[in-house]
2 protein chains.
Amino acid sequence: MNNSRFPVSLHILTLLNDAKGTLVSSEYLAGSININPALVRKEIMNLRKHGFVNSKEGKGGGSFLAKNAADINLGEVYKAVKNSDILGRNKNEPNPKCPIGKQINQHLNTLYSDVESTLIMNLSKQTLADFALKFK
Amino acid sequence: MNNSRFPVSLHILTLLNDAKGTLVSSEYLAGSININPALVRKEIMNLRKHGFVNSKEGKGGGSFLAKNAADINLGEVYKAVKNSDILGRNKNEPNPKCPIGKQINQHLNTLYSDVESTLIMNLSKQTLADFALKFK
DNA sequence: TGTACTGTAATAAAAATAATTACAGAATGA
DNA sequence: TCATTCTGTAATTATTTTTATTACAGTACA
């Protein structure tokens with residue numbers, strides 16, 4: 001992960017949780033996170049697609065949590081934003097003529113899926129409500 | 001992780017293990033991985049720094065494992081190559097005037113260090129020898 | 001003493017990420 | 001009704017990260 005989608009999404013969700021159902025504009029969210037509002041809206045699109053938030057268009061519009069914070073766990077959030085292999089991947093095909101190169105991706109795959117599923121299991125122990133509780 | 005340092009390093013180590021102590025050139029390694037030899041040498045520098053491999057300069061030179069494959073575990077390899085936060089990080093400072101923005105990095109830090117230590121624990125259960133054993 | 005390596009740096013290219021800009025469409029309320 | 005303030009979305013540009021390329025000094029061998 002060399003992008004900021006997870007922390008940005010978690011930040012958005014935390015702010016929305018804090019707003020207790022009132023509508024929050026992408027402008028405000030962007031101001032807290034310190035990124036561009038259009039990026040926030042894009043990330044919100046994704047969170048909406050995954051059922052975490054809902055938005056209302058038009059004047060006075062904004063976003064709000066679509067479910068209880070206790071029903072959103074961080075494993076789900078991770079799954080919603082992940083778009084690359086957890087431990088990275090070589091973009092080039094390894095040499096198929098090399099006995100090791102030929103097989104390595106297959107073994108990396110099993111390693112990664114194992115590692116990732118325990119990671120998700122671990123993340124899933126914590127809900128957005130748990131996370132938000134840490135803020136004073 | 002959006003770079004390929006972990007898979008590249010593991011690939012190198014697997015090849016060296018397969019070579020059973022004979023010297024392997026960066027040219028050969030690069031050919032199997034399908035990346036540039038200079039990158040391989042750079043990655044080997046790092047692996048050497050961490051005590052996993054040794055190299056011999058000059059004609060007929062190359063690299064070889066510096067310790068038994070059973071004494072290299074994948075958690076150590078991960079630690080040797082990791083250079084970014086496991087779940088990504090927003091490069092911009094969150095707004096210190098926002099009650100959430102002000103605190104979020106601190107809470108992300110504890111989350112990340114927790115998540116990462118279980119990830120490493122998990123990876124550490126597997127040695128290079130275990131990994132290499134999967135190749136037929 | 002030529003050859004084949006590593007070590008290392010500098011530079012360039014490519015890819016990924018983020019920022020910016022723009023604007024149509026929706027909801028509000030004066 | 002219509003100006004205002006939002007979202008949704010796309011297109012473009014800028015920035016950063018990653019990878020490739022090139023080059024060459026130094027080392028070891030034969």
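**Two protein chains on DNA strands C and D**

Of the atoms of DNA strand D within 4 Å of the protein, sugar or phosphate accounts for 71% and bases for the rest. This is a predicted model, in which local features need pLDDT of at least 70 and side-chain atom pairs count only at pLDDT 80 or more, while totals for chains, interfaces and linings use all residues. Residues are numbered from 1 along each chain as its sequence is written, chains are lettered from A and ligands numbered from 1 in the order in which they are written, and side-chain values use heavy atoms, with hydrogens and water left out.

The surroundings of strand D come first. A residue is taken as near a strand if one of its heavy atoms lies within 4 Å of it. There are 26 residues around DNA strand D, and those that come nearest are A:N2, A:R48, B:N36, B:K56 and B:G58. By class, this surface has five nonpolar, twelve polar and nine charged residues; Ala, Val, Leu, Ile, Met, Phe, Trp, Tyr, Cys and Pro count as nonpolar, Asp, Glu, Lys and Arg as charged, and the others, Gly among them, as polar.

Specific atom pairs can be named on strand D. A phosphate oxygen of DNA strand D lies 2.8 Å from a backbone N or O atom of A:S26, and a phosphate oxygen of this strand is 3.3 Å from an N or O atom in the side chain of B:N36. At the bases, a polar backbone atom of B:G58 is 3.3 Å from a base oxygen of DNA strand D.

DNA strand C is surrounded by 26 residues, of which A:N36, A:K56, B:N2, B:S26 and B:R48 are the closest. Of its atoms within 4 Å of the protein, 71% belong to sugar or phosphate and the rest to bases. The surface near DNA strand C has four nonpolar, twelve polar and ten charged residues. The side chain of A:S4 places an N or O atom 2.8 Å from a phosphate oxygen of DNA strand C, and for the side chain of B:N92 the corresponding distance to a phosphate oxygen is 2.9 Å. A polar backbone atom of B:K59 is 3.3 Å from a base nitrogen of DNA strand C.

How are the two chains related? A turn of 180° and a shift of 0.0 Å along the axis lay chain A on chain B with an RMSD of 0.0 Å, with superposition by least squares on the C-alpha atoms of residues with pLDDT of at least 70 in both. The two copies are therefore related as by a two-fold rotation axis. In chain A, A:M1 has the C-alpha nearest the axis, 2.1 Å from it.

Key:
A polar contact is a pair of N or O atoms within 3.5 Å; within protein, one must be able to donate a hydrogen and the other to accept it, and residues adjacent in sequence count only if both atoms are side-chain atoms.
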